[in-house]
Amino acid sequence: MSTDPKLIAQTATESIHQLFKDHDFRLKAPYHFESNDLHGHTFQYEISISRQKGHFSFSLRLNLLSKTLMTAVNRVLELTLRDKRYIYPPNWREKDIKSAIKTRLGNHTIQGLTDWRIFKEEHESLASFRNRFSIWLCAFDHIDDISNWREQLVQSVTYALGWFPGAASESSIIANTQYPALVVLKKNSASMHQLLEKQAEILNVTRHKKEAEIFFEYLIAQD
């Protein structure tokens, strides 16, 4: 088995290529599959292999994207990031600020999944889950060190196909995201109480409270 991370990722990708193809996913980048639903959402499944401290690291990531929703989010975010009250690191130059804003506004990801423990059965122990499904985040010397790695990748596809539609639902976006949730609530003419409730939830967990406060001000000021 190869010791080249790219070749290992290619081997893993090839093992599930047909399965994803059967579900209308296409191989977009060397190691990620993509599909679109009828509502403008993009579903992404990514394989990542890296080498750290002499071992390989295997990780899987799911992404839910929407250019339509995130354009609305980023319209408010741009006002936020350009607001005079927004504080950037004191050592940042103007070009650093412009680059950071460009990167933020170019992101169309609504939410992602890297912690696959959500697929653990209700009464299953974490140890049992990790024993049967560990490929989503593991270290190895040779890919065959991962027990039943092909079967685990097939299982990851099954999990992914189940996760994407649920993640794309408005209820999931409202429950599991921050700015996208606020925009969806506003679009659906949610009451101020509902908006404030979600905002309080965001402020309770975010490390960027000032940004969240400015974003909320601009959002509720929209017609």
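How many bridges join β3 to strand β4, residues 55-66? Keep that question in mind while loading the chain, and remember throughout that the model is predicted.

**The whole chain**

Begin with the complete protein chain in a cartoon view, where the secondary structure comes to nine helices and six strands. The C-alpha trace spans about 55 × 40 × 35 Å along its principal axes, and of the 223 residues 40% count as buried. If you compute a contact map, restrict it to pairs with a separation of 6 or more; residues 24 or more positions apart account for 58% of those contacts.

**From β1 to β4**

Select residues 26-29, which form strand β1, together with β2; the two strands pair in the antiparallel sense over three bridges. A hairpin of two residues carries the chain from β1 to β2, and if you display side chains here you can find L27 standing opposite F33 in β2.

Now narrow the selection to residues 32-36, which are strand β2, and colour them by accessibility: this strand is mostly covered, with four of its five residues buried.

Extend the selection to residues 41-52, strand β3, which pairs with β2 in the antiparallel sense over five bridges. F33, which stands opposite L27 of β1, also stands opposite Y45 in β3, and is therefore a convenient residue to centre on while you compare the two pairings. The hairpin formed by β2 and β3 has four residues between the strands, and G40 in its turn has a positive phi of about 85 degrees.

Adding residues 55-66 brings in β4 and settles the opening question: twelve bridges join β3 to β4, and the two strands run antiparallel. Within this pairing, S48 stands opposite S59 in β4. The hairpin of β3 and β4 has two residues between the strands, and the turn includes K53, whose phi is positive at about 55 degrees.

**Helix α2 and N74**

Continue to residues 67-81, helix α2, whose axis comes within 9 Å of the axis of α9, with the two crossing at roughly 120 degrees. That angle makes α2 oblique to α9, and the crossing in which α2 passes α9 is right-handed. To see the contact itself, show V73, V76, L77, L79, T80 and L81 of α2 with E211, I214, F215, Y218 and L219 of α9. Coloured by class, these residues divide into nine nonpolar, one polar and one charged.

Remain on α2 and pick N74, which is found in this helix. Is N74 buried or exposed? N74 counts as buried because its relative accessibility is 8%, which falls under the 20% limit. Leaving aside residues up to four places away in sequence, N74 touches R104, L105, N107 and H108, so these four make a suitable selection to display around the side chain.

**Helix α9 from its other partner**

Next select residues 179-187, helix α7, and residues 209-221, helix α9, which pack at an angle of about 15 degrees with their axes 11 Å apart. This angle makes α7 roughly parallel to α9, and the crossing of the two helices is right-handed. On the α7 side the contact is made by Y179, L182, V183 and K186, and on the α9 side by E211, A212, F215, F216, L219 and I220. By class, the contact has eight nonpolar, no polar and two charged residues.

E211, F215 and L219 of α9 are worth highlighting, since they are listed in the contact with α7 and also in the contact with α2.

**Last stop: Y218**

Finish with Y218, which lies in helix α9 and takes part in the contact with α2. With a relative accessibility of 26%, Y218 counts as partly exposed. Not counting residues up to four places away in sequence, Y218 touches V76, L79, T80, D83 and R85. As a final distance to draw in the viewer, connect the C-alpha atoms of Y218 and I16, which lie 202 residues apart along the chain and are separated by 44 Å.

Definitions and conventions
Residues are numbered from 1 along each chain as its sequence is written. This is a predicted model: local features need pLDDT of at least 70, side-chain atom pairs count only at pLDDT 80 or more; totals for chains, interfaces and linings use all residues. Side-chain values use heavy atoms; hydrogens and water are left out. Buried means under 20% relative accessible area, exposed over 50%, partly exposed in between (1.4 Å probe, protein chains only). Two strands pair if DSSP finds at least two bridges between them. Axes are lines fitted to C-alpha atoms, for helices over the stretch in contact, and angles run from 0 to 180 degrees between N-to-C directions. Angles under 35 degrees count as roughly parallel, over 145 as roughly antiparallel, 65 to 115 as roughly perpendicular and the rest as oblique. A crossing is left-handed if the near helix is turned anticlockwise from the far one by less than a right angle, and right-handed if clockwise. Contact means heavy atoms within 4.5 Å. Ala, Val, Leu, Ile, Met, Phe, Trp, Tyr, Cys and Pro count as nonpolar, Asp, Glu, Lys and Arg as charged, and the others, Gly among them, as polar.
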